[in-house]
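Colleague: Before I accept the labels attached to this model, I would like to hear the reasoning behind them. Could we go through the terms one at a time?

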Amino acid sequence: MSTAPHPHIPVIRTLPELRRWRRDARARGLEVGVVPTMGALHQGHLDLVKASLARHPRTVMTLFVNPMQFAPTEDLSSYPRTFESDLAALRSLLPPSPGCDSSVSSDDTRASAAPARSQPPPAPRSTAEHDGELGNDAPLGNDAPLVVFAPTNDVMYPLRGELQDLGQHKGVSVDVKGWGDVMEGASRPQFFKGVATVCTKLFNAVEPDHAYFGQKDIQQALLLKIMLTDLLLAHPSADNLHIMPTTRAPDGLALSSRNAYLSAPERAVAPVLARALSAARDAYRAGLDGEDIVGAATAVVLAEQEHVLGLAGVADEGDVELRLDYFEVFDRRTFEPVRGPVESGRELVVAGAAWVGKTRLIDNFLLGWGFDEKT
C-alpha cells in the first residue's frame, strides 16, 4: 500500500563515498553548504539546514557525536541519539518527490523492476536505511539537495585510541589557545579542543563552500572563525562561516538537545537564563559598565534561586536545583572580558551558563552588533 511521498535523503557513512559525492558536485559547479550537528535535532538545527538549503544547491548535514569534546565525567553515553527521527525531521524540510513511494527506497525500486523470482525477498530495513545509505557502487545521490554524512568514530579518528581522556590521546588535535580556554573553555577545559579538532576534520572531509552554526554556541562559532583564519583554510573561509540567530521556545529558552534532560519542574525554571541575559542587555542599553551588566544578569538568577528554594517540598512543584556557572561580557573578536566602561561602537557578547538540576544550559545575547554577512 502506497503512503505519502517523501524526498530521498542519501546517507553517507564513509570518507570515499563522501569524496566521490563532493567531486561530482564540484564537477557540476554546485556550491555546497555544511551544517555540523551531533544529531538529536530540534528546530534550531532545522533552521540552520533551511538557511543552507535556501542559499546553496547542495547541503551536507553532518551527524556525529564527537567523543573528543566530552570529558570522561561528561554525558557522552547518555547524549540523545535519535537517528531515524532526525531523518524524518529533515525530510519535512524538502518538497515531496513526485511519484515517490515512501515505503520503497531507490535501491528497492531498482530491485523490484528486475525479475528475481529465484531470490528471497530482502530482509526488512529500518527507516534510516530506506533513506539510502550509499555503498561503493550506489548512485551518488547528487540530485538530492540534502545529504547526511554520518560517520563512525573510526572514520573520523582513523588512528583510534583514547578520545575522551586527552592526557592519553595520541594523534592530532587542534587547540585555539587564548580563545578556547576562557568562559566555556574554563568550565569545560577540553571542549573547544574537541570542537576545533572535529570541525577541522569535517571541513577537510566535506570541503564546504559555506558553513552554518547557531548563535546559541556563540563562543564556539566565533572561535571557529578564528581557527579558519589562523589555519588559512578555504573550505570554508572565515567569511563564509555564518552564525544564525538562536531559535527559542515561546518562553525564551534557547533550544538545545540537552533540554530533553529537563524534568517538568526544571523546564519551568530553565528560562531564567534568557531573562537574566535580557536584564544584562537592558543594563548595556542604559550605559552601565561591564561589571554592572554582569551584576544585572546575576541578580536575576539569584532571585530565581530564592524563589526555587521557597518552593522546595511544595506538592506538584518538585525540588529544582539552580546553580550559576558564570556570566561574562566579552569582546567578540578577542574574547577579552569587559569590566569597566563600554566604549562606543565596541561589539560585545554577554554570555552565561547555569545548571538546572543536572543539565547545564548556555545562552547569550549580542551587544552592539547583529547578524549580517560579516558574522
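Modeller: Let us start with contact, which means heavy atoms within 4.5 Å. Please keep in mind that this is a predicted model.

Colleague: With that cut-off, which residues is Ala276 in contact with, leaving aside its neighbours within four places in sequence?

Modeller: Under that restriction, Ala276 is in contact with Ala297, Val300, Val301 and Phe327. For one of these, Val301, the C-alpha atom is separated from that of Ala276 by 6.4 Å, although the two residues are 25 residues apart along the chain.

Colleague: What makes Ala276 count as buried?

Modeller: Buried means under 20% relative accessible area. Ala276, which is found in helix H11, has a relative accessible area of 0%, and therefore it is called buried.

Colleague: Why are E7 and E9 said to stand at the edges of the sheet?

Modeller: The open sheet has 3 strands in the order E7-E8-E9, with antiparallel pairing. Strand E7 (322–331) and E9 each have a single partner strand, so one side of each is left without a neighbour in the sheet. On average, and with direction ignored, neighbouring strands of this sheet are turned by 15° against each other.

Colleague: How do you know that E8 and E9 pair?

Modeller: Two strands pair if DSSP finds at least two bridges between them. E8 and E9 are joined in the antiparallel sense over 9 bridges, so the criterion of at least two is met. Within this part of the sheet, Ala354 stands opposite Leu361 in E9. Helix H12 (residues 290–311), for its part, lies across E7 and E8 and runs at about 165° to E7.

Colleague: What makes an enclosed space a cavity, and how many of 30 Å³ or more does the search of the whole structure find?

Modeller: A cavity is a set of points where a 1.4 Å probe fits but cannot get out. The search finds 2 cavities of 30 Å³ or more. The largest has a volume of about 90 Å³, and of the 14 residues that line this cavity, the closest to its centre are Glu184, Lys216, Ile218, Gln219 and Ile362.

Colleague: Which residues line the second largest cavity, and which element supplies the largest share?

Modeller: The second largest cavity has a volume of about 50 Å³, and its lining includes Lys216, Leu361, Ile362 and Asp363. The largest share, 3 residues, comes from E9. By class, the lining of this second cavity has 7 nonpolar, 2 polar and 2 charged residues.

Technical notes
Residues numbered from 1 in each chain as written. Predicted model: local features only at pLDDT ≥ 70, side-chain atom pairs only at ≥ 80, totals over all residues. Heavy atoms only, no water. 1 Å grid on protein atoms, 1.4 Å probe; cavity = no way out; pocket = protein on both sides within 12 Å on 5 of 7 lines; lining within 4 Å. Points joined across faces, edges and corners; volume = space filled by probe spheres on them. Helix = DSSP H or I, 4+ residues; strand = E, 2+ residues; numbered from the N terminus. Nonpolar A, V, L, I, M, F, W, Y, C, P; charged D, E, K, R; others polar. Buried < 20%, exposed > 50% of the residue type's maximum accessible area, 1.4 Å probe, protein only. Axes fitted to C-alpha atoms, helices over the stretch in contact; angles between N-to-C directions.
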